[in-house]
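Subject: Handover of a protein structure and the findings from it

Dear colleague,

Please find below the structure that I am handing over to you. I would be grateful if you kept it open while reading the notes that follow it.

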Amino acid sequence: MENCNERHSRCVHIKDRDSTMPTRVLDLTSLPSRQDMAGDPHNWRQLFKDRSCKLRHITPGSTGRYVALSYCWGKSLAYTTTSGNLAAHQRDGGIAFAQLPKTLQDALLLTRYLGLDFIWADCLCIIQDDKADWEQEAARMADVYSNAYLTVAATRAAHCGEGFLQARKVGTGDLVHFEDILGDFDLYFVYDDCTISPGSMESVTPQPLRVQRVSQEPQISHVVIAYSSSE
């Protein structure tokens, strides 16, 4: 993000600009901060488990920075904002972190670690049983993603309960063994998920969220050299 803000020619002129906020966002200011999270990331969930956030209705025309979440719901999503719980969600502590599905929990962890206070997720920021609200907010979806300071695409998660912050399964790649006068060594050609550039939606392995495209020859992302010689 720092590299993008400081060095990308199409980004530097907007890095300090606040964008129009969505109708509603999750206000995460009551959750642990980036400073609180410093240290072992394995303790993040323990740090967050008893904390809560709330749904904030934004005054029209207000500007700021927020994260937008793109993810797969799956067959159903048990935790949503409805007409019945809207008022409760808007109160301080109205949305308990522990009650959220895993993908939303991971998105909140990441948002706070990046030092940001607000996130938009459709299941909580759109009143799901209010037809008028759903139609109004669905019509603004393109603006929500376009104005986001950052969009988190949970491409790995097939459903909202799966999450995306866990150990990644990596293929073994190709192994080539070499021998020379200094000894023998192995070259491991490892194929990464993102074959075009960091943040690319092209993937060697299928991801639930991304659009399936015509398969391409995988590109080598990096080579690991393992020397077995004592020298």
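How many helices and strands does the secondary structure of the protein come to? The answer is 8 helices and 11 strands. Please bear in mind that this is a predicted model.

Overall character

The protein has 231 residues, and buried residues make up 35% of them. Its accessible surface comes to about 13,800 Å², and carbon and sulfur atoms account for 51% of that area. If one takes the contacts between residues at least 6 apart in sequence, 72% of them join residues at least 24 apart.

The six-stranded sheet

An open sheet contains 6 strands in the order β6-β3-β2-β7-β5-β8, and its pairing is mixed. Strands β6 and β8 (150-153) stand at the edges; each has a single partner strand, so one side of each is left without a neighbour in the sheet.

It may help to follow the sheet from one edge to the other. At the β6 edge, β3 and β6 run antiparallel and are joined by 2 bridges. Within this pairing, S52 has A96 in β6 as its bridge partner. Next, β2 and β3 also run antiparallel, with 4 bridges between them. Here R24 stands opposite H57 in β3, and D27 stands opposite K54 in β3. On to β7: this strand is joined to β2 by 2 bridges, again in the antiparallel sense. D27 takes part here as well, standing opposite F118 in β7. At the other edge, β5 (residues 67-70) and β8 pair in the parallel sense over 4 bridges. One of the residues involved is A68, whose bridge partner in β8 is T151.

A helix also belongs in this picture. Helix α5 lies across β2 (24-27), β3 (52-57), β5, β7 (118-120) and β8, and it runs at about 145° to β7.

Two residues around D27

Which strand holds R56? R56 is found in strand β3. With a relative accessibility of 33%, R56 counts as partly exposed, because the partly exposed class lies between the 20% limit for buried and the 50% limit for exposed. R56 and D27 are 29 residues apart along the chain, and their C-alpha atoms are separated by 6.0 Å. Leaving aside residues up to four places away in sequence, R56 touches T23, R24, V25, D27 and F118.

Q90 has its place in the loop between α4 (86-89) and β6. At 32% relative accessibility, Q90 counts as partly exposed. Between Q90 and D27 there are 9.4 Å in space, C-alpha to C-alpha, and the two are 63 residues apart in sequence. Again without residues up to four places away in sequence, Q90 touches K54, L55 and H57.

Aromatic rings

A pair of aromatic rings is described by the distance of the centres and the angle of the planes. The count here comes to 4 aromatic pairs. One of them is formed by F48 and F97: the ring centres are 5.3 Å apart and the planes stand at 50°, so the pair is tilted. This pair links distant parts of the chain, with F48 in helix α3 (residues 44-48) and F97 in the loop between β6 (95-96) and α5 (102-113), 49 residues apart. Are these two residues buried or exposed? F48 counts as buried at 0% relative accessibility, and F97 is buried with a relative accessible area of 3%.

Another aromatic pair consists of F178 and F185, which are stacked, with 5.3 Å from centre to centre and 10° between the planes. In this pair, F178 is partly exposed, with a relative accessible area of 33%, whereas F185 counts as buried at 14%.

Finally, a charged side chain meets a ring: R34 lies over the face of Y113, at 4.6 Å from the ring centre.

I suggest starting with the sheet and then turning to the rings.

Yours sincerely,
A colleague

Terms used:
Residues numbered from 1 in each chain as written. Predicted model: local features only at pLDDT ≥ 70, side-chain atom pairs only at ≥ 80, totals over all residues. Heavy atoms only, no water. Phe/Tyr/Trp six-rings, centres within 6.5 Å; stacked < 30°, edge-to-face > 60°. Buried < 20%, exposed > 50% of the residue type's maximum accessible area, 1.4 Å probe, protein only. Lys NZ or Arg CZ within 6 Å of the ring centre and 35° of its normal. Contact = heavy atoms within 4.5 Å. Areas by Shrake-Rupley, 256 points an atom, 1.4 Å probe, with all protein chains shown as cover. Pairing = 2+ DSSP bridges. Axes fitted to C-alpha atoms, helices over the stretch in contact; angles between N-to-C directions.
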